[in-house]
Amino acid sequence: MENSEKNVCRYRGHVSREDRERQNRHKAAVFWFTGLSGAGKSTIAHGVEKLLFDLGVKCVVFDGDNLRHGLCGDLGFSDEDRAENVRRIAEVAKLFVENSIVCLCAFISPSESVRARVKEIVGEYDFYEIYVKCPVGVCEERDTKGYYKKARAGIIKNYTGISAPYEEPRFPALKVETAGIEVNDSVLDVFSFIMSKVKRT
Ligand SMILES: Nc1ncnc2c1ncn2[C@@H]1O[C@H](COP(=O)(O)OP(=O)(O)O)[C@@H](O)[C@H]1O
Ligand SMILES: [Mg+2]
């Protein structure tokens, strides 16, 4: 149904995104971390957030693990539910970006089509895909949440990398490999990339 048929229309406020970006002294964008469970998305996103915060950059982390309790608490892990999970986050991130907040989104988001949908919702200009790359064997060894063990035992079904596919991004804006790399080095790599995109020129 078209919005005009639903009788919903937008109210335009007096403060533009540009006004907010000028006041914040930085631009906003969505940095979308994708990669296997245990690859390092949360670790890097939160590490970068702290560095950005300390510099006065307005930022927020949306982490798959946290949002499944509330906003997406009704969703499971079927293909449809994963797509809906990511769609909601993309819409929320878009709202934040329009309010000049840098968004760091950490979601496995295993399929090309789901990530393409995020890009479409957020808008190509504001969207940067960061591929946190790590071999599944290393992620499994880390097994930070014990989920790989459960997936191997068949207790968790449809587990990305074990019993469900992960499609590597073909053209990520940034790729960071985390196997055998110090956390701090990965955080600094991503931090520099993000700063280069959000600093005002
Ligand atoms: N270079 C690195 N970057 C990020 N995490 C790393 C790195 N090297 C080792 N790790 C470890 O890998 C694990 C990644 O876990 P996590 O960030 O929760 O992954 P994800 O959010 O992708 O599921 C952490 O225990 C972290 O300390
Ligand atoms: Mg995580």
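How do the residues lining the largest pocket divide into nonpolar, polar and charged? Let's take a look, keeping in mind that this is a predicted model.

## What lines the largest pocket

The split goes like this: 15 residues of the lining are nonpolar, 14 are polar and eight are charged. Together, the lining of this pocket takes in 37 residues. If you want to find the middle of the pocket in the structure, look for S37, K41, D65, I108 and K145, the lining residues that lie nearest its centre. As for the space itself, the largest pocket has a volume of about 850 Å³.

## Helices around the largest pocket

Several helices take part here. At least two lining residues come from each of α3 (41-54), α4 (64-67), α5 (79-98) and α9 (183-198). The top contributor is α3, which gives four residues to the lining of the largest pocket.

## The second largest pocket

Next up is the second largest pocket, with a volume of about 470 Å³. Its lining is made of 14 residues, and R10, Y11, R12, G13 and E98 are the closest to its centre. Sorted by class, the lining of the second largest pocket holds seven charged residues, four polar ones and three nonpolar ones.

Which helices each supply at least two residues of this lining? They are α2 (17-24) and α5. Of these, α5 provides the largest share of the lining of the second largest pocket, with four residues. You have met α5 already: this helix also supplies at least two residues of the lining of the largest pocket.

Key. Residues numbered from 1 in each chain as written. Chains lettered and ligands numbered in written order. Predicted model: local features only at pLDDT ≥ 70, side-chain atom pairs only at ≥ 80, totals over all residues. Heavy atoms only, no water. 1 Å grid on protein atoms, 1.4 Å probe; cavity = no way out; pocket = protein on both sides within 12 Å on 5 of 7 lines; lining within 4 Å. Points joined across faces, edges and corners; volume = space filled by probe spheres on them. Nonpolar A, V, L, I, M, F, W, Y, C, P; charged D, E, K, R; others polar.
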